[in-house]
Amino acid sequence: MDLREEHWQKLKPLLLGGDADPGATGRDNRLFLQAILWVVDSRSKWSALPPEFGRWQTAYVRFMRWNQADIWRQLANRLSDDSELQKKLEAIVAFGDEYTRRATQRLTNKGNRDAYSSMLGKAARQKSCASIEENTMAGAGSNWIWLLTRK
């Protein structure tokens, strides 16, 4: 999907990182949008982004920041009068939502793995403590005082 001139003129005043905005400016907002559209349409990995779009890492980080700030959805909502442009933006929104869903799932899986590993470690520590206690009890033999006072 290519970004036509008429679409660019509608998007340009709404985009962050322009020359008139305070703070950091985007090098080329149009090139950035075309890079995003290329990734969304091709369903390729970010690292496969052709070099003419600039560094893929820069495009990825900027895309994710805009995604977290919900900028794609805001743009799609503000440009609802142009169905073709809104269709492109909705594809970006869906792509971003999928990225968010997968990231959330990875965090959940990591938390589950950590909790499971922690439980396994705790079980192993309890087992080793139990075996130490069993050895101590076996060594204590018939010492009835130790049997009464152990904790």
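Here are three short exercises, with worked solutions, on a cavity and some salt bridges in this predicted model.

**Exercise 1. The cavity**

Find how many cavities of 30 Å³ or more the structure holds, and work out which residues and elements line the largest cavity.

*Solution.*

Step 1: Start with the count. The structure has one cavity of 30 Å³ or more, and the space in the largest cavity comes to about 40 Å³.

Step 2: List the lining. Leu3, Leu11, Leu33, Leu37, Leu85, Lys88, Leu89 and Ile92 line the largest cavity.

Step 3: Assign the lining to elements. Two or more lining residues come from each of α2 (29-42) and α5 (83-140). The largest share belongs to α5, with four residues.

Step 4: Sort the lining by class. There are seven nonpolar residues, no polar ones and one charged residue. Lys counts as charged, and Lys88 is among the lining residues.

**Exercise 2. Arg73 and its partners**

Identify the salt-bridge partners of Arg73, and explain what parts of the chain the pair with Asp97 ties together.

*Solution.*

Step 1: Apply the cut-off, which asks for a side-chain nitrogen of Lys or Arg within 4 Å of a carboxyl oxygen of Asp or Glu. For Arg73 and Asp70, the closest N and O atoms are 3.1 Å apart, and the two form a salt bridge. Arg73 also forms a salt bridge with Asp97, where the closest N and O atoms are 2.7 Å apart.

Step 2: Place the second pair in the fold. Arg73 belongs to helix α4 (residues 71-78) and Asp97 to helix α5, so this salt bridge ties together parts that are 24 residues apart in sequence.

Step 3: Check the surroundings. Arg73 is partly exposed, at 30% relative accessible area. Asp70 is partly exposed at 32%, and Asp97 is partly exposed at 34%.

**Exercise 3. A pair within one helix, and the network**

Describe the salt bridge between Arg101 and Glu98, then say which residues are joined into one network by shared partners.

*Solution.*

Step 1: Look at the contact. The side chains of Arg101 and Glu98 form a salt bridge, with 2.6 Å from N to O.

Step 2: Consider the spacing. Arg101 and Glu98 are three residues apart in helix α5, so about one helical turn separates them.

Step 3: Compare with the cut-offs for exposure. Arg101 is partly exposed, with a relative accessible area of 46%. Glu98 is partly exposed too, at 28%.

Step 4: Join the bridges that share partners. Asp70, Arg73 and Asp97 make up one network. The structure's full count is five salt bridges.

Terms used
Residues numbered from 1 in each chain as written. Predicted model: local features only at pLDDT ≥ 70, side-chain atom pairs only at ≥ 80, totals over all residues. Heavy atoms only, no water. 1 Å grid on protein atoms, 1.4 Å probe; cavity = no way out; pocket = protein on both sides within 12 Å on 5 of 7 lines; lining within 4 Å. Points joined across faces, edges and corners; volume = space filled by probe spheres on them. Buried < 20%, exposed > 50% of the residue type's maximum accessible area, 1.4 Å probe, protein only.
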